[in-house]
Amino acid sequence: MNYSEKIEKRESVRTFEEREVSEKKIAEIKAYFDEAKRLDSSIGVELQVFTGNAKNRLEGAAGYKGYALMAPAYLVILSEEKPHYLENAGYVCEDMILKLVEMGLDNCWISTGDAAATKRALLIESDKTVAALVAFGYGKKDDDVRIDIKTPSNVVTEARKGHAAEKIAETELVYQNKWKQPVDWESGVVYKQLDAALYAASLAPSYLNIQPYRFLLRENYVLLVLDEKAAIDEKEAMLDLGAVMLNFAAVYQENTGNGAWEFVEGTDNESDHHVTASFVI
């Protein structure tokens with residue numbers, strides 16, 4: 001898979017045609033799950049795909065304010081509940097989403113605030129919890145739904161044209177040495193391969209398009225920092241971080257053949273924000 005290309009092509013689509021996804025494509029999706037990237041391979045994960053009347057069963061049980069998008073198909077990531085299982089689920093799920101893009105299938109993350117309710121709605125029998133949920137199918141290209149965030153308590157859902165969600169620019173997401181200290185982009189500290197990975201990370205999907213993360217470049221590390229003031233929902237923020245980590249790692253590895261994330265516990269003394277993970281560059 002050309003990760004850079006697929007990441008740039010991916011768009012969140014919130015209205016779908018009634019056209020079914022073929023059994024052949026669903027079989028391909030399930031087969032890919034076994035090779036999808038993991039952040040922590042020690043955490044057991046499972047994939048289930050639902051079609052048919054799943055969209056009706058999910059209404060009110062999943063999605064922002066119970067809005068499950070009425071899609072023809074849903075991808076569910078189930079996981080063991082271990083430390084960092086949500087970040088791992090987000091990592092795996094983002095790789096699966098990019099596979100959907102490669103297959104020509106439109107998609108959108110759906111929130112699962114009440115994992116037990118989602119599990120009941122889909123009649124899932126598993127000892128694992130519902131960690132991530134994605135609606136997919138063939139999107140309507142001439143009409144979509146936009147989630148417009150005025151403030152964390154004032155979120156408006158409205159129709160929109162097109163699919164490109166506004167994102168915070170890469171240059172505003174990255175700091176150098178100290179929290180809030182801008183990067184000197186002319187100094188060469190952000191070389192071509194690092195720039196490509198940071199750009200890919202900036203395009204990762206996030207809950208309500210909040211992007212509650214920043215990057216801190218320090219010595220030969222990239223630190224992934226959770227901006228806890230921006231994060232609206234803790235579970236969704238952890239999934240967001242997993243998606244960001246996948247985009248960054250996949251593109252950096254694609255261009256250099258090196259690198260992996262390692263979790264970091266605690267806060268940064270200077271930023272007073274939560275440093276989630278580090279990546280040696």
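His274, in strand β11, is the bridge partner of Leu226. This pair belongs to a predicted model, and strand β11 serves here as the starting point for a description of the chain. Strand β9, residues 221-226, pairs with β11 in the antiparallel sense, and six bridges join the two strands. A second antiparallel pairing, over three bridges, links β11 to strand β10, residues 261-263. On that side, Phe279 of β11 stands opposite Trp261. Strand β11 is mostly covered, with five of its seven residues buried.

The chain as a whole contains eight helices and eleven strands. Of its 281 residues, 55% are buried. Contacts between residues at least 6 apart in sequence were also examined, and 72% of these join residues at least 24 apart. The exposed area of the chain is about 12800 Å², of which 45% is supplied by carbon and sulfur atoms.

Leu226 and His274 appear again in the lining of the second largest pocket, where they are among the residues that lie nearest its centre, together with Glu87, Glu234 and Met238. The lining comprises 15 residues, and the volume of the second largest pocket is about 230 Å³. Two or more lining residues come from each of the elements α4 (85-102), α8 (234-256) and β11 (274-280). By residue class, the lining of this pocket consists of six nonpolar, three polar and six charged residues.

Enclosed space was treated separately from pockets. Rolling a probe the size of a water molecule over the atoms shows where empty space is left. One cavity of 30 Å³ or more was counted. The largest cavity has a volume of about 40 Å³. Its lining is formed by Tyr207, Ile210, Pro212, Ala230, Ala231, Ile232, Asp233, Ala237 and Asp240. Seven of these lining residues are nonpolar and two are charged, while none is polar.

Helix α7 spans residues 192-202, and its buried residues are Leu194, Ala197, Leu198, Ala200, Ala201 and Ser202. The cover over the buried residues of α7 includes the helices α1 (3-9), α6 (170-173) and α8, as well as the strands β7 (174-176), β8 and β9. Strand β8, residues 213-218, contains Leu216. Leu216 counts as buried because its relative accessibility is 0%, below the cut-off of 20%. The C-alpha atom of Leu216 is separated by 9.0 Å from that of Gln181, although the two residues are 35 apart along the chain.

Two residues other than glycine were noted for a positive phi. For Lys65, which is not a glycine, phi is about 55°. Lys65 lies in the loop between α3 (54-58) and β2 (73-79). With a relative accessibility of 71%, Lys65 counts as exposed, the cut-off for that class being over 50%. For Asn177, also not a glycine, the positive phi is about 70°. The loop between β7 and α7 holds Asn177. Because its relative accessibility is 35%, Asn177 counts as partly exposed.

Key: Residues numbered from 1 in each chain as written. Predicted model: local features only at pLDDT ≥ 70, side-chain atom pairs only at ≥ 80, totals over all residues. Heavy atoms only, no water. Helix = DSSP H or I, 4+ residues; strand = E, 2+ residues; numbered from the N terminus. Buried < 20%, exposed > 50% of the residue type's maximum accessible area, 1.4 Å probe, protein only. Contact = heavy atoms within 4.5 Å. Areas by Shrake-Rupley, 256 points an atom, 1.4 Å probe, with all protein chains shown as cover. 1 Å grid on protein atoms, 1.4 Å probe; cavity = no way out; pocket = protein on both sides within 12 Å on 5 of 7 lines; lining within 4 Å. Points joined across faces, edges and corners; volume = space filled by probe spheres on them. Nonpolar A, V, L, I, M, F, W, Y, C, P; charged D, E, K, R; others polar. Pairing = 2+ DSSP bridges.
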